[in-house]
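Trainee: Could we go through this structure together? I would like to learn what lies behind each descriptive word.

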Amino acid sequence: MYVETKAKEEDAEKEREKERQRRAEESLKERQREVQKERSELIREVDREREQHKRDEATQHFKALLADMVRNADANWRETRRQLRKDHRWELANLLDRDEKEKLFNEHIDMLTKKKREQFKQLLDETSEITLMSSWKEVRKIIKDDPRFSKFSSSDRKREREFNDYIRDKFVAAKADFRTLLKETKFITYKSKRLFEDTDGHHLKDVEKLLEKDKRYLVLDCVPEERRKLLMSYIEDLDRRGPPPPPTASEPTRRTVK
């Protein structure tokens, strides 16, 4: 009986040992699978970084090619591509497909256009003869010999359109500045309209004499009727609103009841 019991205990111990070994082996295999997975992911990440580095290099080569070969903002992709293919650096950008190259070309053209527009605007800003009423025909004669004139575009129509946009923006800004000046002028109040009427226009002359000391008034000298209209519109608005409300006393600080 003892021998039989002892044998069963030994068999049970052997089974437990086998189970421990099986679990240890399974745990080892699982760890090996995890390590292999991590290694594979690392290799893929390195490959992605290497590939990205190559693509970045190809992009830089192509951008350098564009900077050297494309300096006219009016250039188009189809014609330019033929010229770019003749340069050995075209091959250095083989990792980029046609759409990617065209996208980089368009970005380059946008950058050229922006830079030349800024230079053209600077030229207009520096031309003191320009007023809000200047015509392109007049201004063209003044600035046509400046390199920034010809560099902006080979199309005179584009230059004229840019000039017209410039004048329009300046006019909008000038009117906004003049409205700000009116708000800053404490001499003009809700009573001004009545004073104009009662003094037969003398008060209006006094107001304008005061305003003409400021360049925001003077810049609209070329459009006096428009300036007078803005002034009267502001005065009429003050008249409609009437006297400003009295300043309210600040609310006393409330104490928090604990």
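What follows is a conversation about single residues, one helix face and three helix pairs in a predicted model.

Trainee: Let me start with Val139 in helix H4. Why is Val139 called buried?

Mentor: Buried means under 20% relative accessible area. Val139 has a relative accessible area of 1%, so it counts as buried.

Trainee: Which residues does Val139 contact, leaving aside its neighbours within four places in sequence?

Mentor: Those are Leu124, Ile130, Ser134 and Phe163. For Leu124, which is 15 residues away along the chain, the C-alpha atom is 8.8 Å from that of Val139.

Trainee: Lys137 is in H4 as well. What makes Lys137 exposed?

Mentor: The cut-off for exposed is over 50%. With a relative accessible area of 64%, Lys137 is therefore exposed. Its C-alpha atom lies 8.8 Å from that of Glu160, a residue 23 places apart from Lys137 in sequence.

Trainee: Now to the packing of H4 against H6. How do you know that H4 is roughly perpendicular to H6?

Mentor: Two packed helices are described by the angle between their axes and the distance between the axes. For H4 and H6, the angle is about 110° and the axes are 11 Å apart. Roughly perpendicular covers 65 to 115 degrees, so H4 earns that description relative to H6. The crossing of H4 past H6 is right-handed.

Trainee: Which residues meet there, between H4 and H6?

Mentor: Trp136, Val139 and Arg140 come from H4, and Asp156, Arg159, Glu160 and Phe163 come from H6. The contact of H4 with H6 holds three nonpolar, no polar and four charged residues.

Trainee: And in the loop between H3 (98-126) and H4 (136-143), where Thr127 sits, is Thr127 buried or exposed?

Mentor: Thr127 has a relative accessible area of 9%. Because the limit for buried is under 20%, Thr127 is buried. Beyond its neighbours within four places in sequence, Thr127 is in contact with Ile142 and Ile143.

Trainee: Let's turn to H6 (residues 156-184) and H10. Why is H6 called oblique to H10?

Mentor: Their axes come within 11 Å and cross at roughly 40°. Angles under 35 degrees would be roughly parallel, and roughly perpendicular begins at 65, so H6 is oblique to H10. The two helices cross in a right-handed way.

Trainee: What makes up the contact of H6 with H10?

Mentor: H6 brings Phe171, Lys175, Phe178, Arg179, Leu182 and Lys183, while H10 brings Glu226, Arg227, Leu230, Leu231 and Tyr234. By class, this contact of H6 with H10 counts six nonpolar, no polar and five charged residues.

Trainee: Arg227 caught my eye, in H10 (residues 224-241). How do you know that Arg227 is buried?

Mentor: The reasoning is the one used for Val139. Buried requires under 20%, and Arg227 has 8% relative accessibility, so Arg227 counts as buried. Apart from its neighbours within four places in sequence, its contacts are Phe178, Tyr217, Leu218, Leu220 and Asp221.

Trainee: H8 (residues 202-211) also packs with H10. Why are H8 and H10 described as roughly perpendicular?

Mentor: Here the angle is about 115°, with the axes 13 Å apart. The range for roughly perpendicular is 65 to 115 degrees, so the pair H8 and H10 is placed in that class. H8 passes H10 in a right-handed crossing. In this contact, Leu204, Val207, Glu208 and Leu211 of H8 meet Arg228, Leu231 and Met232 of H10. These residues of H8 and H10 divide into five nonpolar, no polar and two charged.

Trainee: What about H2 (residues 77-85), where Trp77, Thr80, Arg81 and Leu84 are buried? What puts them on the same side of H2?

Mentor: They cover an arc of only 105° around the axis, and therefore they share one side of H2. Arg78, Glu79 and Arg82 are exposed, on the face of H2 turned away from its buried side.

Trainee: Finally, Pro246 is in the segment after H10. What makes Pro246 exposed?

Mentor: Its relative accessible area is 65%. Exposed means over 50%, so Pro246 is exposed. From C-alpha to C-alpha, Pro246 and Ser27 are 83 Å apart in space and 219 residues apart in sequence.

Terms used: Residues are numbered from 1 along each chain as its sequence is written. This is a predicted model: local features need pLDDT of at least 70, side-chain atom pairs count only at pLDDT 80 or more; totals for chains, interfaces and linings use all residues. Side-chain values use heavy atoms; hydrogens and water are left out. Helices (H or I, at least four residues) and strands (E, at least two) are DSSP runs, numbered from the N terminus. Buried means under 20% relative accessible area, exposed over 50%, partly exposed in between (1.4 Å probe, protein chains only). Contact means heavy atoms within 4.5 Å. Axes are lines fitted to C-alpha atoms, for helices over the stretch in contact, and angles run from 0 to 180 degrees between N-to-C directions. Angles under 35 degrees count as roughly parallel, over 145 as roughly antiparallel, 65 to 115 as roughly perpendicular and the rest as oblique. A crossing is left-handed if the near helix is turned anticlockwise from the far one by less than a right angle, and right-handed if clockwise. Ala, Val, Leu, Ile, Met, Phe, Trp, Tyr, Cys and Pro count as nonpolar, Asp, Glu, Lys and Arg as charged, and the others, Gly among them, as polar. The arc is that of the directions from the helix axis to the C-beta atoms.
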